[in-house]
Amino acid sequence: MKINRNFDNLVPNYLFAEIAKKTSAYATAHPEQKLIRLGIGDVTLPLPRTAVQAMKVGAGELSHKETFKGYPEYEGYDFVREAVAKYYAGFGVKIEADEVFISDGAKSDTGNIGDIFGADNTVTVPDPVYPVYVDANIMAGRRIVYAPGTRENRFLPMPDESIHADIIYLCSPNNPTGAAYSADQLKAWVDYAIKNDAVILYDAAYEAFIEDDCPRSIFAIDGARECAIEFCSLSKTAGFTGVRCGYTVIPKELVRDGHNIHALWYRRQATKFNGVSYPVQRAAAAVFSEEGQKEFKANIEYYKENARIISAALDELGIFYTGGKNSPYIWLECPKGMGSWEFFDYLLENAQVVGTPGEGFGSQGKGYFRLTSFGDRENTVEAVERIKKLLG
Ligand SMILES: *Cc1c(COP(=O)(O)O)cnc(C)c1O
């Protein structure tokens, strides 16, 4: 037998293991010192109360024969799909409820979507970015061309007209750089995709953090319905990282290579996915209720205030960064020409603050560093004081 030899092409990712190892070694050697973690890539605030209540009601229904439910529909219950479509309408983007596929998260869908595309496609992926897109496409044996994020383009790479791409991953606001595309920039990507007969795979996992006029959805852009699929998730929006629920939007008119993409994805999901549990779908619908939105926006506001505190310190120190607004992430240039890991050690040893070396997200991340606003206020303020003292 033969295994999928594309796995041999994966680059081992020791990033988080290495961070954990260095951090615990330091903590063991210096038990008297308080470490502050600003590298957290997970939410820390509890679920909106409305969501928990709905989840309980859903669980209760399952305990009575009259209201019991078995397998859900592959694409999600209508009540959640309608809630998602209404949520989009709330920020001025029109999608149909039956274009929404409810899933167990954006990670699975951004990876699994590749099932419907051939192996001999060229994939464009921004660098740096969420590593799932790269690894999932390496596993499928596709050719990857990186779109480099740099200080000059403020980590918002634009299409390279000299390169043909078939599949284009975009993530806005981006993880790890926090940078969000403007409508004009997204329009340039949409035009490029249409010209190349390509499909944009748009990850909007952080859309709820957008506070200015950057689009919340690729479907706010003219022409996007002919070339884009959007992935989103309740993970960062409403703290569902442990609950698991996301959604993928595929316009019904999206056709490539003589095939309807919506129909192909339905077929793929019907084959390999049995849906999201009923109580979780109840909770997801509650997130989009008026009360639910109020609650999750308060949580996001808490994180964003942390981000503002961190950004203000970097402004004071004159350090270049992206993000800090429209995003829970702050992506900074390591001071004094330090490398990512060098700065990691320096910050750990001299300020007892833990962050994430940028090169873990792609080669363009060398010399950059990610801080996150998912910590609590008190610790964020203390970490920032320490950083200012160290670098000021
Ligand atoms: C956290 C995150 C997601 C969410 O993934 P889930 O599987 O829905 O938890 C998706 N995309 C990016 C870029 C993320 O950072």
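**Exercise 1.** In this predicted model, work out whether Glu211 counts as buried, partly exposed or exposed.

*Solution.* Start with the number: Glu211 has a relative accessibility of 41%. Now hold that against the cut-offs: buried is under 20% and exposed is over 50%, with partly exposed in between. So Glu211 counts as partly exposed.

**Exercise 2.** Find the salt-bridge partner of Glu211 in helix α10 and place both residues in the chain.

*Solution.* Go to Lys304: its side chain meets that of Glu211 in a salt bridge, at 2.6 Å from N to O. Lys304 sits in helix α10 (residues 290-317), while Glu211 is in the loop between β6 (199-203) and β7 (228-233). That puts the two 93 residues apart, so the pair links distant parts of the chain. Next, check burial: Lys304 comes out at 7% relative accessibility and counts as buried. Finally, look around the pair: Glu211 and Lys304 belong to a network of salt bridges that also takes in Glu301, Glu305 and Arg308.

**Exercise 3.** Explain why the Asp98–Lys252 salt bridge ties together parts that are apart in sequence.

*Solution.* First the contact: the closest N and O atoms of Asp98 and Lys252 are 2.8 Å apart. Then the location: Asp98 lies in the loop between α3 (78-90) and β2 (100-103), and Lys252 in the loop between β8 (246-249) and β9 (255-256), so the bridge joins parts 154 residues apart in sequence. As for accessibility, Asp98 is partly exposed at 36%, and Lys252 is partly exposed at 35%.

**Exercise 4.** Sort Glu61 and Lys69 into buried or partly exposed.

*Solution.* These two form a salt bridge, with their closest N and O atoms 3.4 Å apart. Glu61 has a relative accessible area of 18%, so Glu61 is buried. Lys69, at 27%, is partly exposed.

How values were computed: Residues numbered from 1 in each chain as written. Predicted model: local features only at pLDDT ≥ 70, side-chain atom pairs only at ≥ 80, totals over all residues. Heavy atoms only, no water. Salt bridge = Lys/Arg side-chain N within 4 Å of Asp/Glu carboxyl O. Buried < 20%, exposed > 50% of the residue type's maximum accessible area, 1.4 Å probe, protein only. Helix = DSSP H or I, 4+ residues; strand = E, 2+ residues; numbered from the N terminus.
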